[in-house]
Amino acid sequence: MTANAKLQVTPTAIHDVLVIEPKVFGDERGWFTESFNAGDFSAATGLDVEFVQDNHSFSRQWTLRGLHYQLENIQGKLVRVVAGSVFDVVVDIRQDSPTYGKWVGIELSAENHQQLWIPPKLAHGFLVLSETAEFLYKTTNYYHPQSEACLAWNDSTVGVKWPLPAGIAPNMNAKDLAGLSWEKTPKF
């Protein structure tokens, strides 16, 4: 774990996937946090990244988006939740990585203010736990729909343990339902 005056950084089981916790200042009026500062991010993580696009999604409970990545215009992502909560998942699809084929999951919420740094070449998705959620992410490259790939959310080889209640099926679009098995998924 590394910390500076404004950020605490904690590695996950996939060592270069990082939990970023900004300092939150609060009193009886509410709270304030600096959600991103390039200098503080670089100093705390040792990374020099440039974000070129911000995305914002709204989803209803049990919506599952992912597990997405791009084969061209590969994106690193800094993700966070500003309303509600999600179970955020990252899968390592880098064949030369010591954590190849492993996954990590973390709850991101408006209440915990945590962010997740997802390096390029990893598959990513999330499941909405609250009634609704608003999910924001900064990307290091532009979205390139022609090169988007999707690993099946329920692939048994990867074995992500999604926190879905018994009897509840995730709400997904056709593209995500057609995600590829681990064996058929293009890797890096």
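This talk walks through one predicted model, beginning with its largest pocket, moving on to a sheet of strands, and ending with several salt bridges.

Let me start with the pocket. The largest pocket in this predicted model holds about 430 Å³ of space. Of the 24 residues that line this pocket, the ones closest to its centre are His68, Lys77, Tyr137, Tyr143 and Glu148, and I would ask you to keep His68 and Glu148 in mind, since both names return later in the talk. Which elements give two or more residues to the lining of the largest pocket? They are strand S6, at 53–60, strand S7, at 64–70, strand S12, at 122–128, strand S13, at 132–139, and helix H2, at 174–177. Strand S7 gives the most, with 5 residues. If we sort the lining by residue kind, we find 8 nonpolar residues, 10 polar residues and 6 charged residues.

Now to the sheet, where two of those lining strands, S7 and S12, appear again. This is an open sheet of 5 strands, which run in the order S10-S9-S12-S7-S14 and pair in the antiparallel sense. The edge strands are S10, covering 103–109, and S14, covering 148–150, and each of them pairs on one side only. From one strand to the next, the twist averages 25°. Within this sheet, S7 and S12 are joined as an antiparallel pair over 3 bridges, and His68 is found opposite His124 in S12. His68 is also, as you may recall, among the residues closest to the centre of the largest pocket.

Let me turn to the salt bridges, of which the count comes to 7; I will go through three of them.

The first on my list joins the side chains of Glu148 and Lys175, whose closest N and O atoms are 2.7 Å apart. Glu148 sits in strand S14 and Lys175 in helix H2, so that this pair links parts of the chain 27 residues apart. Glu148 counts as partly exposed because its relative accessibility is 24%, which lies between the 20% and 50% cut-offs, and Lys175, at 43%, is partly exposed as well.

The next salt bridge is between Arg94 and Asp16, and here the closest N and O atoms are 2.7 Å apart. Arg94 lies in the loop between strand S9, at 85–92, and S10, while Asp16 lies in the loop between S2 and strand S3, at 18–22, and therefore the pair ties together parts that are 78 residues apart in sequence. Is Arg94 buried or partly exposed? Arg94 is buried, because its relative accessible area of 12% falls under the 20% cut-off, whereas Asp16, with a relative accessible area of 22%, is partly exposed.

The last salt bridge I will describe brings together the side chains of Lys6 and Glu34, with 3.4 Å from N to O. Lys6 is in the loop between strand S1, at 2–3, and strand S2, at 7–11, and Glu34 is in the loop between strand S5, at 30–33, and helix H1, at 38–45, which places the two residues 28 apart along the chain. Lys6 counts as partly exposed at 38% relative accessibility, and Glu34 counts as partly exposed at 31%. This pair also belongs to a network of salt bridges, in which Lys6, Glu34 and Asp40 are linked.

How values were computed: Residues numbered from 1 in each chain as written. Predicted model: local features only at pLDDT ≥ 70, side-chain atom pairs only at ≥ 80, totals over all residues. Heavy atoms only, no water. 1 Å grid on protein atoms, 1.4 Å probe; cavity = no way out; pocket = protein on both sides within 12 Å on 5 of 7 lines; lining within 4 Å. Points joined across faces, edges and corners; volume = space filled by probe spheres on them. Helix = DSSP H or I, 4+ residues; strand = E, 2+ residues; numbered from the N terminus. Nonpolar A, V, L, I, M, F, W, Y, C, P; charged D, E, K, R; others polar. Pairing = 2+ DSSP bridges. Axes fitted to C-alpha atoms, helices over the stretch in contact; angles between N-to-C directions. Salt bridge = Lys/Arg side-chain N within 4 Å of Asp/Glu carboxyl O. Buried < 20%, exposed > 50% of the residue type's maximum accessible area, 1.4 Å probe, protein only.
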